[in-house]
Amino acid sequence: MTVTERHALEALRAPALNNATDGHVGGDYESDGYGEMVLDGTEALDVSHAGGEFQELTRGLLGDFWNSTSEGARGKRPDYRTFRDRSTKQTAAFSVQMGAMAEAYMVWSFKQGGTGGKGFFDSDERRTREEQKRSCDGVDTKLLTVLVLDVFCAEKTSVTVAPTDCYLTSALVRHGLIPCSPITPKAAVTVHALHLYHTARQRCPHLSIQGYVKSLCDMHGIPFHNHRSRQFSIALDVYLQVLAFVSNLVHHALQRDQPDWRLKHSCPACTYKLQDEPAMRFAMLFAQDGNDSLKRVATRILDGDIDHVAASPPTSEHTFHHEQYLTREFVDKFASERQTGHSIDGDGNLCAERWKNMKDNATQKMWNVFDESGVFIAVCRHGFCLLIADMVQSGEQSKYALAVTSKLLDTFGSDLGGGYDIGCRFKTTLATSKLGKRSRSLNYTSLVNAFHGHAHNRLCQLDNLTTYVEGLGLEDLEGCERAFSKSNALASSTRYASIFHRRQAIACYFEHNDEMEVYANLSKSTVPLPHHSSTALLRPKLSPYQL
């Protein structure tokens, strides 16, 4: 019986008190006696499946007194906190402890070098609570019991909290466990389980956290619950943040923390200069292009009324920062009221009707349901990702290409050659922008990719197509298309993600692809194949107009 029903029965037990208060018996006697007859079983009370008859009867007898007493016994206080509030406080709590967690991770990683790659439950970390207590005798050490999730096992175990541990989270990390809570962790995930998912997702971006956690539950023989995916997601974010913190410490120790150091050393073949190396026409070749597969559905927040919704702006606590990513503020510097797209009015470009991204009416529009409508990237001729910029609530506007070109000119200087599917139009856009004078002084050349060039006008091909430009050889500058053919697999997992997790997934994917795929295949692109060499020797040296 609930508290409300108990109050209703207590009110029905005192009909005489109600009669005395009213000062008469008369017509009220029948109704008050009805309550006694219901309680002693003389009269039946119609009870429905929905319930609520006791409350209705008592509310009619007591009136306003019922309303005042029932409010106090209704239940617990409503929780007005939102997911955004909890996530912000959780991130702030983990950020305070990140230094200690990174130090503990480096200690654990150093110890792992001599264990032969054993898992948590295969190493000395797995000991019973009695063994832990015996090892803690005479030492000011505490025990913490947590539920540990590993690849092939999940069970509760006890870990030691040494006096030198600043936080409970750092104590868990020292044992190779990533906590799911910053204050009182009750569950933790092993580093090996997190590393396995993180690596597998780079190879198969379709793999979701829920699918991975369900697979672990199946192997452990336990039922899946939604909170397990949430815990794993929190642990994964903490794990990646610890790796980023450790990476920054390593770069600082190696003096690689200067601005744009990674960009300047992204490709060994493009950026490494030999002593007395003969100068070439193009000091560096790169390709740039936009892709609309990696859209993200905008997050909407209610502002008072449900009819007034606004897009949720990125908060400073959850904004993902990476060296490859260009900020929105930097990109918006190259947007102007007069020219936001690749305008074709008055310049007589013969290729305009064949390309949608040359038209303002096409690039300025985007469905309101999306916030980020895609990505705009730049890759070197060998395939290393140089820069990434989000296309926000628009198509492939000129500001993204201008921002990328400006950053590369600042970093690499003169004699750059940039391939773009609308390179002929971008040449005019660049010349009329605020970068025009600087690009001419640095001898920047705008080119058209080999594959896209066949959709251009013939006269345009003779001037801009890579096939007919001296100094390019067999280079087609189609690296962006090759990169997009693989990165499109990220679309399903980033469509409804947050701003932070979307950028994190994109940056981690390209970083892993550069390290494991592009760098491994670098020798194939630097050493020409035999049939390429023979074809180049047999090709006659003709000028474009002779062709």
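**Reading a surface patch and a sheet**

Met-106, Phe-245 and Leu-249 form a nonpolar patch on the surface, together offering about 230 Å² of accessible area.

Visitor: What kind of model is this?

Guide: This is a predicted model: local features need pLDDT of at least 70, side-chain atom pairs count only at pLDDT 80 or more, and totals for chains, interfaces and linings use all residues. Residues are numbered from 1 along each chain as its sequence is written, and side-chain values use heavy atoms, with hydrogens and water left out.

Visitor: Which residues form the nonpolar patch on the surface?

Guide: First the rule. Patches take residues with over 30% relative accessible area and no salt bridge; like charges are joined within 9 Å, nonpolar side chains (Val, Leu, Ile, Met, Phe, Trp, Tyr) within 5 Å. A salt bridge puts a side-chain nitrogen of Lys or Arg within 4 Å of a carboxyl oxygen of Asp or Glu. Areas come from the Shrake-Rupley method with a 1.4 Å probe; for residues, only the protein chains shown count as cover. Here the members are Met-106, Phe-245 and Leu-249.

Visitor: Where is Leu-249 found?

Guide: In helix α12, residues 226-253. Helices (H or I, at least four residues) and strands (E, at least two) are DSSP runs, numbered from the N terminus.

Visitor: Is Leu-249 buried or exposed?

Guide: Buried means under 20% relative accessible area, exposed over 50%, partly exposed in between (1.4 Å probe, protein chains only). Leu-249 has 38%, so it is partly exposed.

Visitor: What does α12 lie across?

Guide: Contact means heavy atoms within 4.5 Å. Axes are lines fitted to C-alpha atoms, for helices over the stretch in contact; angles run from 0 to 180 degrees between N-to-C directions. α12 lies across β1, β3 and β4, at about 110 degrees to β3.

Visitor: What order do the strands of the open sheet have?

Guide: Two strands pair if DSSP finds at least two bridges between them. The four strands run β2-β1-β4-β3, with mixed pairing. β2 (154-161) and β3 (177-179) are the edge strands, each pairing on one side only. The twist averages 45 degrees from one strand to the next. β1 (residues 142-149) and β4 (residues 187-190) run parallel, joined by three bridges. Leu-147 stands opposite Ala-187 in β4.

Visitor: Which residues does Leu-207 touch?

Guide: Leu-207 sits in the loop between α10 (191-203) and α11 (209-220). Leaving out residues up to four places away in sequence, Leu-207 touches Tyr-197, Ala-200, Arg-201 and Tyr-212.
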